[in-house]
Amino acid sequence: MNVIQYDYENVGSGDRDRVAIAESEDFLQQIDANDVPYKGCLLTWCNGRQCEDRMYCKLDRLLCNEHWLSMFSSMEAEFLEPVYLIIILVWLPSNKLWFKD
């Protein structure tokens, strides 16, 4: 699912897709899934745009059901600062793929 669950999980430009949010919430309720307690960054994704077009969202989640959480009650996720990786792909005449990170 590529959707936020709550309004506070979206900062910046961009419309919140209310239908997608409601469908996501219904699905998570049907499968009895909840967010695992977490620490670290709340907003785990950025669209990479500049100024007023920039948007940050919480799109990464670790989900489990209540039974799993009761068995592993000390379980916790940690969301680290986003890392931006640029990979350059070059197609060489020898038909070999070369990349540099």
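**Group meeting: salt bridges, core and loops in a predicted model**

Okay, let's start with Asp-35 and Arg-61, whose side chains meet in a salt bridge at 2.8 Å, N to O. By salt bridge I mean a side-chain nitrogen of Lys or Arg within 4 Å of a carboxyl oxygen of Asp or Glu. This pair ties together distant parts of the chain: Asp-35 is in strand β2, Arg-61 is in the loop between β5 and β6, and they are 26 residues apart. Asp-35 has a relative accessible area of 30%, so it goes down as partly exposed. The classes are: buried under 20% relative accessible area, exposed over 50%, partly exposed in between, with a 1.4 Å probe and protein chains only.

Before I go on, the fine print. This is a predicted model, where local features need pLDDT of at least 70 and side-chain atom pairs count only at pLDDT 80 or more, while totals for chains, interfaces and linings use all residues. Residues are numbered from 1 along each chain as its sequence is written, and side-chain values use heavy atoms, with hydrogens and water left out.

Back to Arg-61. Which other residue forms a salt bridge with Arg-61? That's Glu-9, with the closest N and O atoms 2.4 Å apart. Again the pair links distant parts of the chain, this time 52 residues apart, with Glu-9 in the segment before β1 and Arg-61 in the loop between β5 and β6. And Glu-9 is buried, because its relative accessible area is 2%.

The structure holds five salt bridges. One of them joins Arg-18 to Asp-7, with 2.8 Å between the closest N and O atoms. Arg-18 sits in helix α1 and Asp-7 in the segment before β1 (10-12), eleven residues apart, so here too distant parts of the chain are linked. Asp-7 comes out as partly exposed because its relative accessibility is 40%. Add Arg-16 and you have a network of salt bridges linking Asp-7, Arg-16 and Arg-18.

Now the overall picture. The chain has two helices and nine strands, and from the N terminus the order is β-α-β-β-β-β-β-α-β-β-β. Those are DSSP runs, numbered from the N terminus: helices are H or I with at least four residues, strands are E with at least two. Buried residues are 23% of the 101 in the chain. For contacts, meaning heavy atoms within 4.5 Å, take those with a separation of 6 or more: 55% of them are between residues 24 or more positions apart.

What about the inside? The largest nonpolar core has six residues: Val-3, Ile-4, Ile-21, Met-55, Cys-57 and Leu-59. A core here is a set of buried Ala, Val, Leu, Ile, Met, Phe, Trp, Tyr and Cys residues joined through side-chain atoms within 4.5 Å. Leaving aside neighbours within four places in sequence, Val-3 contacts Ala-20, Ile-21, Ser-24, Lys-58 and Leu-59. Ser-24, in helix α1, counts as buried because its relative accessibility is 4%. With that same neighbour rule, Ser-24 is in contact with Met-1, Val-3 and Gln-5.

Met-55 from that core also turns up with Asn-47, which is in the loop between β4 (45-46) and β5 (55-57). A polar atom of the Asn-47 side chain lies 3.0 Å from the backbone nitrogen of Met-55, and the Asn-47 side chain also reaches the backbone nitrogen of Arg-49 at 3.2 Å.

In that loop between β4 and β5 you'll also find Cys-51. What is the phi of Cys-51? About 50 degrees, so positive, although Cys-51 is not a glycine. For context, most residues other than glycine have a negative phi. Cys-51 counts as exposed because its relative accessibility is 63%. Asp-32 has a positive phi as well, near 55 degrees, and its place is the loop between α1 and β2. Asp-32 is partly exposed, given a relative accessible area of 39%.

Ile-31 lies in the loop between α1 (18-30) and β2 (34-35) too, and at 43% relative accessibility Ile-31 counts as partly exposed.

Last stop, strand β7 (residues 77-79), which holds Glu-78. The C-alpha atoms of Glu-78 and Lys-39 are 4.9 Å apart, with their positions 39 residues apart along the chain. Glu-78 is partly exposed, because its relative accessible area is 49%. That's what I have, thanks.

Conventions
A polar contact is a pair of N or O atoms within 3.5 Å; within protein, one must be able to donate a hydrogen and the other to accept it, and residues adjacent in sequence count only if both atoms are side-chain atoms.
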